[in-house]
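Please look at the sequence and the three-dimensional model together before reading on. The report below goes through the strands, the core, the aromatic rings and one loop residue.

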Amino acid sequence: MAGVIKRLAGPLALTTTYTTDIYVPSANTRGVIRQIHISNKGAASAFRLYLGATATNAAGTELFYDRAIDANAELDFYWPAGLVLTSSQYIVGGAADATRLTITITGDKIAA
């Protein structure tokens, strides 16, 4: 149902593999990302997020690249109009430190 904000992915601990699929839209739907929340439960770290195909992080698809997050801090990124993803577009990424950062993505889904 469009217009109902819900959790699309996570909470998920980010790993040091920058090609990890974090959010995968369902077939025949479009994912509309409204918020990405990153929580750091340790020392300062950094993360990368890409918009692209499964398990890829091609140049030019970076949403965030080596974005720093302070120790024991949280970051929230909002797209009021929504970041729309088709069923073949993924949010892919990882962090500089294994399992220190946790990501949660909220938004809604609409029929393709």
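What follows is a description of this structure, beginning with how its values were obtained.

This is a predicted model, in which local features need pLDDT of at least 70 and side-chain atom pairs count only at pLDDT 80 or more, whereas totals for chains, interfaces and linings use all residues. Residues are numbered from 1 along each chain as its sequence is written, and side-chain values use heavy atoms, with hydrogens and water left out.

**The two sheets**

Strands are DSSP runs of type E with at least two residues, and they are numbered from the N terminus. Two strands are said to pair if DSSP finds at least two bridges between them. One open sheet of four strands has the order S2-S7-S4-S5, with antiparallel pairing. Its edge strands are S2 and S5, each of which pairs on one side only, and the twist from one strand to the next averages 30°. Such angles are taken between axes, which are lines fitted to C-alpha atoms (for helices over the stretch in contact), and they run from 0 to 180 degrees between N-to-C directions.

Within this sheet, S4 and S7 run antiparallel and are joined by six bridges, while five bridges join S4 to S5, again in antiparallel fashion. Tyr50 can be followed to both sides, since it stands opposite Val92 in S7 and has Glu62 as its bridge partner in S5. Gly52 has its bridge partner in S7 as well, namely Tyr90. Is S4 enclosed by the rest of the structure or not enclosed? Seven of the eight residues of S4 are buried, so this strand is largely enclosed by the rest of the structure; buried means under 20% relative accessible area, exposed means over 50%, and partly exposed lies in between (1.4 Å probe, protein chains only).

Another open sheet of four strands has the order S1-S8-S3-S6, also with antiparallel pairing. Here the edge strands, each pairing on one side only, are S1 and S6, and neighbouring strands are turned by 15° against each other on average, direction ignored. S1 and S8 run antiparallel and are joined by five bridges, and Leu12 has Ile103 in S8 as its bridge partner.

**The nonpolar core**

A nonpolar core is a set of buried Ala, Val, Leu, Ile, Met, Phe, Trp, Tyr and Cys residues joined through side-chain atoms within 4.5 Å. The largest one has 21 residues, and those with the most contacts inside it are Ile33, Phe47 and Ile105. The elements that give two or more residues to this core are S1 (6-13), S2 (20-23), S3 (29-40), S4 (45-52), S5, S6, S7 (90-95) and S8 (101-111). S6 gives the most, with four residues. As background, nonpolar side chains in soluble globular proteins tend to be buried together.

Contact means heavy atoms within 4.5 Å. Leaving aside residues up to four places away in sequence, Ile105 touches Lys6, Arg7, Leu8, Ala9, Ile22, Tyr23, Ile33, Gln35, Ile36 and Ile91.

**Aromatic rings**

Rings of Phe, Tyr and Trp (its six-membered ring) pair if their centres lie within 6.5 Å; planes under 30 degrees apart count as stacked, over 60 as edge-to-face and the rest as tilted. By this rule the count comes to four aromatic pairs, and two of them are set out here.

| Pair | Distance between centres | Angle between planes | Kind |
|---|---|---|---|
| Phe64 and Phe77 | 4.3 Å | 40° | tilted |
| Phe64 and Trp79 | 6.5 Å | 65° | edge-to-face |

Phe64 lies in S5 (residues 62-69) and Phe77 in S6 (residues 74-85), so their pair ties together parts that are 13 residues apart in sequence. The pair of Phe64 and Trp79 likewise links S5 to S6, across 15 residues. Phe64 and Phe77 are both buried, whereas Trp79 is partly exposed, with a relative accessible area of 21%. Phe47, Phe64, Phe77 and Trp79 form one aromatic cluster.

**A loop residue**

Ala98 is placed in the loop between S7 and S8 and is partly exposed, with a relative accessible area of 48%. Ala98 touches Leu14, Thr15 and Thr16, not counting residues up to four places away in sequence. From C-alpha to C-alpha, Ala98 and Leu12 are 11 Å apart in space, although they are 86 residues apart in sequence.
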